[in-house]
Structures are given as C-alpha cells and as structure tokens.
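Work through these exercises with the structure open beside you. Try each task before you read its solution.

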Amino acid sequence: MEKTVLITGGAGFIGSHLVRLMVNKYPNYKIVNLDKLTYAGNLANLTDVEDKPNYEFVKGDIVDADFINQLFKDFNFDSVIHLAAESHVDRSIEGPMEFIVTNIVGTTNLLNAAKDSWGNNFSDKLFYHVSTDEVYGSLGEEGMFLETTPYDPRSPYSASKASSDHIVRAYHHTYGMPIVISNCSNNYGSHQFPEKLIPLFINNIKNNKALPVYGKGENIRDWLWVNDHARAIDVIFHDGKNGDTYNIGGHNEWTNIDLIKVMCKVMDEKLSRPLGESEKLITYVTDRAGHDMRYAIDATKLKEELGWVPSLQFEEGIRNTIDWYLENEEWMNNITSGDYENYYEKQYATR
Ligand code: NAD
Ligand code: TYD
C-alpha cells in the first residue's frame, strides 16, 4: 500500500461518499474508516465498498484519547481526513455539550495522536480537517464568504467547528504539523440523515406530513451536491497547500421556501399527485433560535488554484436526490424507526 489514510466519520453522510470515492479511486491506499456509529452513522451507507481489500472499518470514539492513541500505533497512518462530528444545528441548540466534547475535544485528541505518531518527521504527512462555512457567521443581502472572512460563529454547532478549526491551525503554527482545512456550504444528496432540510422534507412529502418551515422561509443557503464536495476533498487532499484553507461551494443560493417549492413540484410529478398538492403541506413554524440569515461561498480560490468546479447543476441534482430517497425506502424506514420518532416529536411538537 502506498499510504494509509484515516477517514473519521466515514459512516455519515459526507464521509460515506468520500470513503466510496477514495476506496474506488485509490486501490493502492489503505482506507481506514473510524466511526462511533452515533444516530447519524450508518454502515448501510457503505455496503458497496465493505468487502474491498483496501478498506477497513473500525468502530470507535474520537473522544476516547487512549483508544485513538492506540489506533495510531496499530495503523501508523500517513494522513487523516477528519469529518467525524456532531453536525446538526438544531441538536446543538438543544444540547451544546455533546458538540463541544465531540467537535473540540475529539479533534484535539486526533491532533495529539497524529503529533505523537509522526514525531518530528512530518514529510508526506497531512492532517485534513473538514469544516463548514457556518464558522463565518451570517451574511446580509450582499457579499460572500472568502477564506479571509473573519470567524463569527453564532450557533453552538458552528462555534464548536470554529474552535476546532482554530486548534488545527494552532498545531500547524506551533508544532509545524502539515494541515489543510476546507469550509464547505450546505450539502445535499443521497444517504443524508433525515433531520436535515432536504431528506426530512422529501420524507415528509412522501408521507403527507406537515413541512415545518422555520420563520418565513426567507433564509438562504448555498447548496452543493455531496459528491462534488467529496471530489473537492480529494483535490485538496492531494494538491492543497500546506497550512491553507479552501472554501468549497456551489454558487447555488436558494431561499428555503423557493427550494421547498421546487421539491414539492418535483415530488408531485414523481408521486403522480396533482400539481400544487404537496405545497399544501407547507406549515410555517417558530423560527430556529439565532437562525443565520444567509450563507454564500466564494470558491474562486479552489477553482483558480486547484481547478475544481462543481460537476452537477442543482436542477438535475435535486431530481436525482429525490429519486434516490424514493427508490431507497428500506434505507429510510430503517432510520426513521425507533429513536428518530422520539427526536421528531421533541423537536417539532412544540414549534
Ligand atoms: P453526519 O452527522 O452525517 O456524520 C457524522 C459522522 O460522524 C457519523 O457517522 C457519526 O457516527 C460520526 N461521529 C460522530 N461523533 C463521533 C465520535 N465521537 N467518534 C467517531 N465518530 C463520530 O455529518 P455530515 O453531514 O456527513 O458532516 C461531516 C463533516 O462535514 C462534519 O465535520 C461537518 O461539520 C462537515 N460539514 C457538513 C456539511 C453538511 O452540509 N452536511 C457542510 C459542510 C461541512
Ligand atoms: P439544515 O438542513 O438544518 O442545515 P443548516 O442549518 O446547517 O444550514 O437547514 C437548512 C435550512 O432549512 C436552515 O435555514 C433551516 C431550515 N429548516 C427549516 O426551515 N425546517 C426544518 O425542519 C429544518 C431541519 C431546517
């Protein structure tokens, strides 16, 4: 094997797409997927690669420092691509501590283990930290997030991610650890846990359940197809400049309500409902506390320096995504049984 790469959070939404890409594209890399399998982790996301000779899954917690240190001794990793995190803003509002522990302490444990394992020999080593555009805060009507935009996180989730970004940079400046960080906009695609807007609303439309739109639905997000995020990570992992940050985004801004109406229209068509039927499910509910108004990424640096551009237009991507969730009913049913119902009840009953 040419190198051994640790991918954390590989059983989650973005992680599973990245693991699939890396395992298939680089048969000469050993890909080790470390995941705790929280509610958001699902090995069913990876059935097509689980038997590949260059792939190994390890169940474990990044918060457990002894376990992480031993893992680095066992595998002698050359590089880390770190995605494991608590990732849902609404959950961070209900319970910030899990986010602080996983996203900050967990990231620091990985950095410490990498530092100890690599000693002073950092040649051909890399710690790649996958982060979010939410660290930059909230935009008004104008402007976009650049790599130089000052951090201004406003939710416990984004504050914990911002904190982990700072710690990763601190290990670069203080110890000379080779690092890259990328900050990406909202992802959509297959295998996303149905607590996030797009899979949640697809599932609710299908089941004729209310669509809980926060506030007036005027908040804006910049949506990128998850496979394009994985492609960007691949490019940055191989060609990114040591110590640098790259913004990743789709130049694809939508108000929530416009996006939801597009989903309703496509779903009417797919489910052979009269046009306008699914829109009737739209229900305006109490806004999210501290709801960031607008995110928009300027990904010019990634395009100009590393030649990455998104490969899929949103109109096609959202149709493919809806098809995937409709065709993978069993995947959805397995996830939405048990604990999910408790979560849903707690999150939405009082809105
Ligand atoms: P996800 O919630 O779908 O997956 C997270 C994964 O991490 C799960 O498989 C979970 O089991 C695992 N995990 C959680 N805690 C762990 C722990 N203590 N130890 C080991 N594994 C643990 O998240 P996602 O949407 O795939 O996001 C992945 C990364 O990308 C996160 O770091 C997130 O901040 C970042 N990101 C996400 C988006 C987005 O739109 N989803 C956008 C930009 C950046
Ligand atoms: P989400 O998918 O949670 O991503 P993020 O908050 O990280 O951007 O939400 C996307 C947008 O959709 C956000 O503005 C909040 C809104 N939203 C709703 O209106 N209703 C919902 O039930 C959810 C989950 C999100």
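**Exercise 1. Place Tyr55.**
Find which strand holds Tyr55, decide whether Tyr55 is buried or exposed, and list the residues in contact with Tyr55.

Solution. The model is predicted.
- Step 1: Tyr55 lies in strand 3, which covers residues 55-59.
- Step 2: The relative accessible area of Tyr55 is 10%. Buried means under 20%, so Tyr55 is buried.
- Step 3: Set aside the neighbours within four places in sequence; Tyr55 then touches Val19, Val23, Ile31, Asn33, Leu46, Val49 and Glu50.
- Step 4: Now take Arg20, which is 35 residues from Tyr55 along the chain. The C-alpha atoms of the two are separated by 9.5 Å.

**Exercise 2. Place Ala84.**
Say where Ala84 sits between a strand and a helix, and give the distance from Ala84 to Gly12 in sequence and in space.

Solution.
- Step 1: Ala84 belongs to the loop that joins strand 4 (79-82) to helix 3 (89-94).
- Step 2: The relative accessible area of Ala84 is 15%, so this residue is buried.
- Step 3: Count along the chain: Ala84 and Gly12 are 72 residues apart. In space, their C-alpha atoms are 7.9 Å apart.
- Step 4: Look for contacts beyond the neighbours within four places in sequence. Ala84 has Thr8, Gly9 and Ile62.

**Exercise 3. Place Asp292.**
Work out whether Asp292 is buried or exposed, and name its contacts.

Solution.
- Step 1: Go to the loop between strand 12 (282-285) and helix 9 (300-306); Asp292 is there.
- Step 2: Asp292 is buried, because its relative accessible area is 4%.
- Step 3: Leave out the neighbours within four places in sequence. Asp292 is in contact with Gly137, Ser138, Arg154, Asn219 and Arg221.

**Exercise 4. Examine helix 6.**
How many residues of helix 6 are buried, and which are they?

Solution.
- Step 1: Helix 6 spans residues 197-206, ten in number.
- Step 2: Eight of the ten are buried, so the helix is mostly covered.
- Step 3: The buried ones are Ile198, Pro199, Leu200, Phe201, Ile202, Asn203, Asn204 and Ile205.
- Step 4: Recall the general rule: an α-helix has 3.6 residues a turn, so residues three or four places apart point the same way.
- Step 5: Asn208 follows helix 6, and its phi is positive, near 55 degrees.

**Exercise 5. Check the cysteines.**
Count the disulfides, then decide whether Cys184 is buried or exposed and do the same for Cys264.

Solution.
- Step 1: A disulfide needs two cysteine sulfur atoms within 2.5 Å. The count comes to zero.
- Step 2: Cys184 has 3% relative accessibility, so it counts as buried.
- Step 3: Cys264 has 0% relative accessibility and also counts as buried.

**Exercise 6. Describe the whole protein.**
What is the radius of gyration, and what would a compact globule with 351 residues have?

Solution.
- Step 1: Start with the elements: there are twelve helices and twelve strands.
- Step 2: A compact globule with 351 residues would have a radius of gyration near 20 Å. The protein has 20 Å, so the two agree.
- Step 3: Along the principal axes, the C-alpha atoms fill a box of roughly 65 × 45 × 40 Å.
- Step 4: Buried residues make up 57% of the 351.
- Step 5: Take the contacts with a separation of 6 or more; residues 24 or more positions apart account for 82% of them.
- Step 6: The accessible surface is about 14900 Å², and 48% of it belongs to carbon and sulfur atoms.
- Step 7: There are 33 positive and 51 negative charges, and their mean positions are 1 Å apart.

Technical notes
Residues numbered from 1 in each chain as written. Chains lettered and ligands numbered in written order. Predicted model: local features only at pLDDT ≥ 70, side-chain atom pairs only at ≥ 80, totals over all residues. Heavy atoms only, no water. Helix = DSSP H or I, 4+ residues; strand = E, 2+ residues; numbered from the N terminus. Rg over C-alpha atoms; globule rule 2.2 N^0.38 Å. Buried < 20%, exposed > 50% of the residue type's maximum accessible area, 1.4 Å probe, protein only. Contact = heavy atoms within 4.5 Å. Areas by Shrake-Rupley, 256 points an atom, 1.4 Å probe, with all protein chains shown as cover. Lys, Arg positive; Asp, Glu negative; His and termini not counted. Charge placed at Lys NZ, Arg CZ, Asp CG, Glu CD.
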